[in-house]
Amino acid sequence: MRISCSRQRRIAHRMSRNRLRRGGFTLVEMLVVLAILGLVVGLVGPRVLNYLSDSKVKAAQIQMENLASALDLYYLDNGRYPSSEEGLGALVQRPASAGAWNGPYLKTSGVPKDPWGHEYLYRTPGQSAPYDIGSLGPDGREGGSSTVSRKK
């Protein structure tokens, strides 16, 4: 059975047109996918960001506990805690007033900064303990709503 040349062209034209229709996505399909992605990001995004901020607070509290342990070792060696003027730097570098300093009391070469890049606050005597350790939190202002202090 022979097919005429013009009929072969028409069949080939229809097949190529069908291939073009099936080759991509329509605008409506793309908009539906974008809407679904927007909903997922809108629902999951805030939870992820909240989780990240909570983890920084927990990291600060763990670091403050490590500093408290180092301060207790300093106390055992010297019979007193570093003064507010000496600060936490007394844990890594011998102050002039320290008699039996067996430091450094921290494994790092310097006093670590909090997760937001600020210095930890140290005050002795503390309000309800021999010393207070705290962090300014993400806003970096003392007395701000996001100030983090060591749980006793």
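In the predicted model, asparagine 78 is in contact with Ala98, Gly99, Ala100, Trp101 and Tyr105, once its neighbours within four places in sequence are left aside. Asparagine 78 belongs to helix α2, which spans residues 27-78. The relative accessibility of asparagine 78 is 17%. Because a residue is classed as buried when its relative accessible area is under 20%, asparagine 78 counts as buried.

A second buried position is found at serine 135, for which the relative accessible area is 0%. Serine 135 is part of strand β2, formed by residues 132-135. The side chain of serine 135 takes part in a polar contact of 2.6 Å with the side chain of aspartate 114. In addition, a polar atom of the serine 135 side chain lies 3.2 Å from the backbone nitrogen of glycine 137.

These two residues may be placed within the chain as a whole. The secondary structure of the protein chain consists of 2 helices and 3 strands, and the order of these elements from the N terminus is α-α-β-β-β. The chain has 152 residues, of which 22% count as buried; asparagine 78 and serine 135 are among the buried residues.

With regard to contacts between residues at least 6 apart in sequence, 41% of those in the protein chain join residues at least 24 apart. The area exposed by the protein chain is about 11,200 Å². Carbon and sulfur atoms supply 59% of this exposed area.

Note on methods. Residues are numbered from 1 along each chain as its sequence is written. This is a predicted model: local features need pLDDT of at least 70, side-chain atom pairs count only at pLDDT 80 or more; totals for chains, interfaces and linings use all residues. Side-chain values use heavy atoms; hydrogens and water are left out. Helices (H or I, at least four residues) and strands (E, at least two) are DSSP runs, numbered from the N terminus. Buried means under 20% relative accessible area, exposed over 50%, partly exposed in between (1.4 Å probe, protein chains only). A polar contact is a pair of N or O atoms within 3.5 Å; within protein, one must be able to donate a hydrogen and the other to accept it, and residues adjacent in sequence count only if both atoms are side-chain atoms. Contact means heavy atoms within 4.5 Å. Accessible areas come from the Shrake-Rupley method with a 1.4 Å probe; for residues, only the protein chains shown count as cover.
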